[in-house]
Amino acid sequence: MRRDLNLNQNRNRKPFKRRRKAASVFAALSLALSLAACEAGGPGDAIPEFETPKQSTIGVPKPTGAILPPVSAYETTPEETAPTAVNGETADASSSPEASLGDLPTTPETTPTQPTVTEPVGPTIEIVDTDYEVYSKLTEDMYDAATSRLGSDNTYRMAHTLMKAQQGQPVNILLLGGTSYAGDGGSKPEKTTEALLYEYWKRTFPASALSINRDTQSADDPYFAIHRAAEFVATNPDLVLIDYSAVDDGSDETRLYLENLVHRYLTCDSQPAVMFLYIYGTVQQDDTDSQRIIATRYRLPMLSLGDAIEAGIHSEAIPDRSAVITEAGRMTDAGHAIFAATLERYFNTIRAYIRSDKYNTSYGIPESPTDATRYSGSHIADNENVRPSSKAGIAKGSRVNADYPNGWTSNAAGFELRFKITSRNLGILYQVVPDASGAEVDVFVDGLYVKTFSCSDPELSQARTRSTELYCGGAKATHIVTLRMKDGSPGAFFALLALLVS
């Protein structure tokens, strides 16, 4: 579902207007006066210099594996009646050594309430000015283009996070989405956006301990990210940076997944600032993109590397796109530097706003026309707390994925796996191999065909996880779910890693 990047596309793009020299001088003087008004110390005060940290010092150990409720949370009762017949065949649950059926726990239907956040107070902000031209070739035109998506963004939560850092309190940043955070396309770990962000933070807020967590497992999968959210909500994030532009196809499903993901973090106890990024957006997005629609609806800030690059090429600050973006759509060292500098400048702009009338003093989560809480209570389950009602040609344990070893595996022709599940929504996490050995699997819910998915993808360079939603009912109900090898499937390998339940 990755977006095909058309590097020559330039849709809905208004011509760049070059600033007049007098306007630039006036803007520079205004910014200087604004920053000077925010300084806490005297002219001689300085922020201590810090060495660039090694990559291993960034953040805290990243969560791995499935978050599973205790086994006692599942009610195990014998099945009273046989499962619904599928294609004329009725499964005999009593013949299975695992005939006990585990109904999944559910979360009471409640509407999350927004905790009250105290308006940040503290010392006057000290602005650390960065020479962006020297640092990364970021020009005024490029920054203006990158921030053109900001629209009516609310700055309250972002300012609150930056105030925490200024006061020396610890800050936790969560990165969701593309793997460019980790340095795909870059030459060294210390040249990645993540490392440069860490360096900026320690240089600007030397007393604030910074942790950076990154959800690498659901890098291209907002649906999976919803079910992993409980893991990261528990870390009490202060700032959540989201980039799913690579898979943002503008579909209703993608929009629903992204909105539920955003709502989950906006309503969590730590009340983090949430910000959308367009790292892979190397062409101009339009108003149909899910990220833009959701960010506008919730008044969230947006920054676009793609727009900054386009402006840089237009003004000849960047020689060509290959200098910042590889053919595979990954950032080079220069691309990482430009994007990190864009983030830095935005953060410093918010810091300058904190003591001005441009700073929003409150934020209320807007009502959504869609069901933004459909996946509340979502979690991940596996064979440690869910038992199939019947299975044929299926072995217990997935063993092909170190993060999710407690699933179910098969390499036998004609395999079948059946569950009785009580939940509102259900999806699965499964393994995909880069050759033709993977099976094609038919999905039936209550005897009715739902979909077919493949465990093979020749376009991959290595095996990876993938998720798919089996049903989304909205109301709690009990269903018989059957996964069966498709007739005529070229391969037989199947690894169900986990169930995605809400």
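Me: In which loop is the place of alanine 209?
Reply: The model is a predicted one. At 46% relative accessibility, alanine 209 is partly exposed, because that class lies between 20% and 50%. Its place along the chain is the loop between helix H5 (193-204) and strand S4 (210-215).

Me: With which residues is alanine 209 in contact, leaving aside its neighbours within four places in sequence?
Reply: Alanine 209 and alanine 165 are 44 residues apart in sequence, and their C-alpha atoms are 8.1 Å apart in space. Once neighbours within four places in sequence are left aside, the contacts of alanine 209 are Gln169, Pro170, Val171 and Lys202.

Me: How many helices and strands does the protein chain have?
Reply: The protein chain has 502 residues, of which 51% count as buried. Among its contacts with a separation of 6 or more, 83% join residues 24 or more positions apart. The elements of this chain are 10 helices and 16 strands.

Me: What share of the exposed area of the protein chain do carbon and sulfur atoms supply?
Reply: The protein chain exposes about 22,000 Å². Of that area, the share from carbon and sulfur atoms is 51%.

Me: Which residues have the most contacts inside the largest nonpolar core?
Reply: In soluble globular proteins, nonpolar side chains tend to be buried together. The largest nonpolar core here has 43 residues. Its largest share, 7 residues, comes from helix H10 (residues 333-353). The residues with the most contacts inside this core are Met158, Ile173, Trp201, Leu277, Tyr346 and Phe347.

Me: How many residues are in the second, separate core?
Reply: This second core is separate from the one described above, and its members include Ala229, Ala295, Leu429 and Ala498. Its number of residues is 41.

Me: With which residues is methionine 158 in contact, apart from its neighbours within four places in sequence?
Reply: Methionine 158 is one of the residues with the most contacts inside the largest nonpolar core. It also belongs to the lining of the largest cavity. Neighbours within four places in sequence aside, methionine 158 touches Leu239, Ala273, Met275, Pro301, Tyr346, Phe347 and Ile350.

Me: What is the volume of the largest cavity?
Reply: Rolling a probe the size of a water molecule over the atoms shows where empty space is left. The count comes to 2 cavities of 30 Å³ or more. For the largest cavity, the volume is about 80 Å³.

Me: Which residues line the largest cavity?
Reply: Helix H4 (156-166) and strand S6 (273-278) each supply at least two residues of this lining. The complete lining is Asn154, Arg157, Met158, Leu266, Ala273, Val274, Arg299, Leu300, Pro301 and Tyr363.

Me: What is the phi of glutamine 271?
Reply: Most residues other than glycine have a negative phi. Glutamine 271 lies in the loop between helix H7 (252-266) and S6. It is buried, because its relative accessible area of 11% is under 20%. Although glutamine 271 is not a glycine, its phi is positive, about 45 degrees.

Me: Is aspartate 446 buried or partly exposed?
Reply: The place of aspartate 446 is in the loop between strand S13 (440-445) and strand S14 (448-454). Its phi is near 55 degrees, a positive value in a residue other than glycine. With a relative accessible area of 30%, aspartate 446 is partly exposed.

Me: What separates the C-alpha atoms of histidine 379 and leucine 500?
Reply: The place of histidine 379 is in strand S8 (residues 379-381). Histidine 379 is buried, since its relative accessible area of 12% is under 20%. Histidine 379 and leucine 500 are 121 residues apart along the chain, yet the separation of their C-alpha atoms is 6.1 Å.

Me: Against which elements do the buried residues of H9 pack?
Reply: Helix H9 (residues 305-314) is mostly covered, with 8 of its 10 residues buried. These buried residues are Leu305, Gly306, Asp307, Ala308, Ile309, Glu310, Ala311 and Gly312. They pack against helix H3 (140-146), S6, strand S7 (302-304) and H10.

Me: How far apart in space are aspartate 144 and alanine 311, C-alpha to C-alpha?
Reply: Aspartate 144 is found in helix H3, and alanine 311 is one of the buried residues of H9. Aspartate 144 is partly exposed, with a relative accessible area of 25%. The two residues are 167 apart in sequence, and their C-alpha distance is 8.8 Å.

Me: How many disulfides does the structure hold?
Reply: Cysteine 268 is buried, with a relative accessible area of 7%. Cysteine 455 also counts as buried, at 0% relative accessibility. A disulfide requires two cysteine sulfur atoms within 2.5 Å, and the number of disulfides in the structure is 0.

Conventions:
Residues numbered from 1 in each chain as written. Predicted model: local features only at pLDDT ≥ 70, side-chain atom pairs only at ≥ 80, totals over all residues. Heavy atoms only, no water. Buried < 20%, exposed > 50% of the residue type's maximum accessible area, 1.4 Å probe, protein only. Core = buried A, V, L, I, M, F, W, Y, C linked by side-chain atoms within 4.5 Å. Helix = DSSP H or I, 4+ residues; strand = E, 2+ residues; numbered from the N terminus. Contact = heavy atoms within 4.5 Å. Areas by Shrake-Rupley, 256 points an atom, 1.4 Å probe, with all protein chains shown as cover. 1 Å grid on protein atoms, 1.4 Å probe; cavity = no way out; pocket = protein on both sides within 12 Å on 5 of 7 lines; lining within 4 Å. Points joined across faces, edges and corners; volume = space filled by probe spheres on them.
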